[in-house]
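Please find below a briefing on selected side-chain environments and charged pairs. It begins with one buried position and then turns to salt bridges.

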Amino acid sequence: MILVFLGPPGVGKGTQAKLFSEARGIAHISTGDMLRAAIAAGTDLGKRVKTVMDSGQLVSDDLIIELINQRILESDCAKGYILDGFPRTITQAEALEKLLKKLNKTLDAVVYFDLPEEELLTRLAGRREQEARVDDTWEVQKERLRVYKNKTESLIDFYQKTGKLRKIESSGSVEEVLAKVQLAL
Ligand code: AMP
């Protein structure tokens, strides 16, 4: 089972990807987590992406595509995986299609988590208090939302056309949203 979890920052897709991947015994691939781990470990990759990440911008398509390219070949991905935070641009989505085709695999579904902007802003404010992420100050969050609208939102239409999009209203408790995900898939 190969899935993409799509949605704006703060919508809760990371939490859902973690829970759903555990329930199904598939891998959870969060490109954001991979990059944060690289920064924490002080690797070359980490040094290259830190400034861009801290500002709320996207790191380059080439770099992320290469990262995914390698990651999905690892043994824990054999039974399937959830891509959380990838793709974020049309170029990345097209690269994913190509990559899967080469591996003789297909994307099963794209779960799109939707939430009214007001609720999104409330959740992001909560995250600022709880997580203290460098890229989660109010200014950077605003930038990440802007980047989402400019570069990522068009993926909804892209995947709608493939017939694979499953839209979920991401309001309610974590358990309630998980139940919706399970139903949709
Ligand atoms: P996330 O934890 O998914 O919100 O990602 C945190 C940051 O990592 C983003 O704001 C980007 O700077 C970077 N990032 C994560 N995934 C991608 C991606 N697919 N393409 C470009 N940049 C990414």
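Ser170 is buried in this predicted model, because its relative accessible area of 1% falls under the 20% limit. The residue belongs to the loop that runs between strand E5 (165-169) and helix H9 (174-184). Across the whole structure, the search returns 10 salt bridges, and several of them are described below.

**Surroundings of Ser170**

- Beyond its neighbours within four places in sequence, Ser170 is in contact with Val11, Phe113, Asp114, Leu115, Arg123 and Val177.
- Two of these contact residues, Asp114 and Arg123, also take part in salt bridges: Asp114 with Lys167, and Arg123 with Glu119.

**A salt bridge between strands**

- The side chains of Lys167 and Asp114 form a salt bridge, with an N to O distance of 3.4 Å.
- This pair joins distant parts of the chain, since Lys167 lies in strand E5 and Asp114 in strand E4 (residues 109-114), 53 residues apart.
- Lys167 is classed as exposed because its relative accessible area of 56% is over the 50% limit.

**Salt bridges within helices**

- In helix H1 (residues 13-24), Glu22 and Lys18 are 4 residues apart, which means that about one helical turn separates them.
- The side chains of Glu22 and Lys18 meet in a salt bridge at 3.2 Å, N to O.
- Glu22 is exposed, at 53% relative accessibility, whereas Lys18 is partly exposed, with a relative accessible area of 45%.
- Glu119 and Arg123 are likewise placed 4 residues apart in one helix, H6 (residues 117-131), at a spacing of about one turn.
- The closest N and O atoms of the salt bridge between Glu119 and Arg123 are 3.8 Å apart, and the cut-off for such a bridge is 4 Å.
- Both partners are partly exposed: Glu119 has a relative accessibility of 30%, and Arg123 has a relative accessible area of 28%.

**A salt-bridge network**

- Arg71, Glu74 and Asp76 are connected to one another through a network of salt bridges.

**Points to locate in the structure**

- Ser170 can be found in the loop after strand E5 and before helix H9, with Asp114 and Arg123 among its contacts.
- Lys167 can be found in strand E5 and its partner Asp114 in strand E4.
- The pair Glu22 and Lys18 can be found in helix H1, and the pair Glu119 and Arg123 in helix H6.

Technical notes
Residues are numbered from 1 along each chain as its sequence is written. This is a predicted model: local features need pLDDT of at least 70, side-chain atom pairs count only at pLDDT 80 or more; totals for chains, interfaces and linings use all residues. Side-chain values use heavy atoms; hydrogens and water are left out. Helices (H or I, at least four residues) and strands (E, at least two) are DSSP runs, numbered from the N terminus. Buried means under 20% relative accessible area, exposed over 50%, partly exposed in between (1.4 Å probe, protein chains only). Contact means heavy atoms within 4.5 Å.
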